Structure formats: structure tokens, C-alpha cells
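Reader: I have a protein chain open in front of me and would like to go through it step by step. Where should we begin?

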Amino acid sequence: MIRRSLLCIAAAVAMLSGCATTTTTSAVPQPQAPGQIAAGKAEVLWLGQAATRITTPGGKVIVIDPWLVTNPKTPAAYKDLAALGKVDLILVTHAHNDHLADAPALAKRNNAPIWNGGGMGQALVSLEMVPPALAQRFGKSGTIMPFGPNGVKITAVHAEHSSELVWKNPATNKDETHYGGEPVGYIIELENGFKIWHMGDTGLFGDMRMIGERYKPDLVLIPIGGHFTMGPQEAASAVRDLIKPRYAIPIHYQTFPLLRGTPAEFSAALGVTGTSVIVPEPGQKVDF
Ligand SMILES: [Zn+2]
């Protein structure tokens, strides 16, 4: 019942058609209009491409891959970095502009550190994009507990991608390409044990199975757009055959023409599985 309903969510969003099923979706998180998060819940706010804000049950705010100001999919209300509210911590999966873009400004605005598990921080500091205190590093398979020993746990995991950092040198006004560390994804375990795998940009790789078995993510934020990342078919294979999460939110699609994959294609390729696909519009919140 849940599966049928969620396929309809995908279809409704992607094809602007109605949903014929009348089965209940009460057990399944639904995209929410802007509003207050219920106490004790986790809230996931997707803002287009890979940009995501997670508000934890304990009230911590984690922003991942903040490309907002020039992101064509980010709702106008969130193009002002102040609209995110207080931010406690920023994660960046890799140095491409559609992931890193607003991270330095957001870090400085909130005095919130950018944690990166792939070695990007060194470039951020040496290029003076952020002061050293705001570029914190760890590494793949490393786990940080940035809010204390009983709080959120964040583990960096492999992603199959690249991470060059293109930076405009103010002295020459020319673009330079710098080493931006390695791409990663993040497993974020919230205070209540709910686990979110933000996969960043990645191709399909076999160790998704191992990562899934080791960390048992409840929710994956998974790229489906293709060209630079998995497309709908590869993402469906990752979810169905390797990771088997309870929930999947497709990201990194239709932002610009090369990213052709759609949630409807992803859901169709996935077929009937134990994974519920949730398709929020950018700016819609989902509570878990
Ligand atoms: Zn990207």
C-alpha cells in the first residue's frame, strides 16, 4: 500500500497528474508546506540539486552542499542565506560549484564550521575562502560527533566522482583549477538513531552494498540526473539491489538540461520494492 502511494507521489510531481490510489499514506513521511517542525522529529528540507538542510530531533541544523543563491531550482525565499535560520554545521561533499558555492559565505555568516571528509578544507584555507577555524577535516570511514558524545554522528563514505575546485583569482580575474580533495557522501545518524545517507554526486559502485550493510541508512538522498552521476536506472539499481533503505529522496536532477533523469523514471525503474520514494518540490519539508 505504501509503495503504490509513493509511486503516485513521484508520478504526480513529475507528470502533474493526479493519483488514483486511495490507499493510506499515514505511515509514510509526506512533503510539508513551510511551518514548524514537530518536537522530536527530524526535518529534511531539500532546496534543489544537492542542497539540503537537516534539522535534527535535538534542534541542530546541518546544511549540506549549499548552492542556493544562483541555483535555478532553489525557491526565491531561500536565495537569501539568512532564510536558512541558524546553521550549526555545514557539510560539503565535493568542491564543484553546484555543491560548494555558498558554503564559505554561510560558514562565515553563522560562524559554523565546514566539515569535509575528503580533504577539501586545505584548499579552502589556502585560498582564503574561509579562516582555518571554519574548515574542519576528517576522512572516509571517520566518524565525528560535533555536538558532543551523545549527539549526532557523521561518517564520511566513498563517492565515485571528482572534486576539482575552480576558483577565480582576484589578482588576475582568471579561473584557476585547484585540488579540492576527494568526493564523499555522508552518513548522518541523528540523536534518535535515524540515519540519513546524503550520497553527494556519485556513480554506481559495488561498495554501496557494504556501506548499506554497515550503516543501515533509513533514508538516502540519491542523485538520479545522469551525465555526471547515476541516472534513474543506476540509482534504482543502487536502491533496490545494494542499499535497500526505507526511504529514498531523489536529488540532482533537472537543474539544467544535461541532468535529464526524472523521479518518474527512477520510480518506474525501481518497481515495487520495500523502499518508499518521496519526491518533495524544492523548498518542501519532510518530517521523519
Ligand atoms: Zn553536482
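**Helices, sheets and a few single residues**

Author: In this predicted model, helix 6 (residues 232-243) packs against helix 7 (residues 263-270) at an angle of about 45°, and their axes are 8 Å apart. Angles from 35 to 65 degrees fall in neither the parallel nor the perpendicular class, so helix 6 is oblique to helix 7.

Reader: Which residues of helix 6 and helix 7 make the contact, and how do they divide into nonpolar, polar and charged?

Author: The crossing of these two helices is right-handed. Helix 6 brings P232, Q233, A235, A236, V239 and R240, and helix 7 brings E265, F266, A269 and L270. By kind, the residues of this contact are seven nonpolar, one polar and two charged.

Reader: Is helix 7 largely enclosed or largely open, and which of its residues are buried?

Author: A residue is buried if 20 or more other C-beta atoms lie within 10 Å of its own. Six of the eight residues of helix 7 are buried, so helix 7 is largely enclosed by the rest of the structure. Just after the helix, G271 has a positive phi of about 65°. The buried residues of helix 7 are P263, A264, E265, F266, S267 and L270.

Reader: At what angle do helix 5 and helix 6 cross, and what does that make helix 5 relative to helix 6?

Author: The axes of helix 5 and helix 6 come within 9 Å, with a crossing of roughly 55°. The angle makes helix 5 oblique to helix 6.

Reader: Which residues meet between helix 5 and helix 6, and how do they divide by kind?

Author: The crossing of helix 5 and helix 6 is right-handed. M208, R209 and G212 in helix 5 meet A238, L242 and I243 in helix 6. The division is four nonpolar, one polar and one charged.

Reader: Which strands does helix 6 lie across?

Author: Helix 6 runs at about 150° to strand 14. The strands it lies across are strand 14 and strand 15 (247-251).

Reader: What is the order of strands in the open sheet of seven strands, and which are its edge strands?

Author: The pairing in this open sheet is mixed, and the order is 8-9-12-13-14-15-16. Within the sheet, strand 9 (residues 153-158) and strand 12 (residues 184-189) run antiparallel and are joined by six bridges, with V157 having G185 in strand 12 as its bridge partner. An edge strand pairs on one side only, and here the edge strands are strand 8 (143-144) and strand 16 (276-277).

Reader: Which strands stand at the edges of the open sheet of eight strands?

Author: The order in this sheet is 1-17-2-3-4-5-6-7, with mixed pairing. An edge strand here has a single partner strand, so one side of it is left without a neighbour in the sheet. The two edge strands are strand 1 (31-32) and strand 7 (135-137).

Reader: Which residue in strand 3 does L45 stand opposite?

Author: Strand 2 (residues 43-46) and strand 3 (residues 52-55) pair in the antiparallel sense over four bridges. Opposite L45, in strand 3, stands R53.

Reader: At what angle does helix 3 run to strand 5?

Author: Helix 3 (residues 103-110) lies across strand 4 (61-64), strand 5 (89-91) and strand 6 (114-116). Its angle to strand 5 is about 170°.

Reader: Why is phi worth a look at D65 and K216, and is each residue buried or partly exposed?

Author: Most residues other than glycine have a negative phi. D65, in the loop between strand 4 and strand 5, has a phi near 50°, and K216, in the loop between helix 5 (207-215) and strand 14 (219-223), has a phi of about 50°. K216 has 16 C-beta neighbours inside 10 Å and counts as partly exposed. D65 has 29 other C-beta atoms within 10 Å, so D65 is buried.

Reader: How many residues apart in sequence are N71 and T255?

Author: N71 is found in the loop between strand 4 and strand 5 and is buried, with 21 other C-beta atoms within 10 Å. Leaving aside neighbours within four places in sequence, N71 is in contact with G48, Q49 and A51. From C-alpha to C-alpha, N71 and T255 are 7.9 Å apart in space, while their separation in sequence is 184 residues.

Conventions: Residues numbered from 1 in each chain as written. Predicted model: local features only at pLDDT ≥ 70, side-chain atom pairs only at ≥ 80, totals over all residues. Axes fitted to C-alpha atoms, helices over the stretch in contact; angles between N-to-C directions. Parallel < 35°, antiparallel > 145°, perpendicular 65-115°, else oblique. Left-handed = near helix turned anticlockwise from the far one by under 90°. Contact = placed C-beta atoms within 7 Å. Nonpolar A, V, L, I, M, F, W, Y, C, P; charged D, E, K, R; others polar. Pairing = 2+ DSSP bridges. Buried ≥ 20, exposed ≤ 12 C-beta atoms within 10 Å, placed from the backbone.
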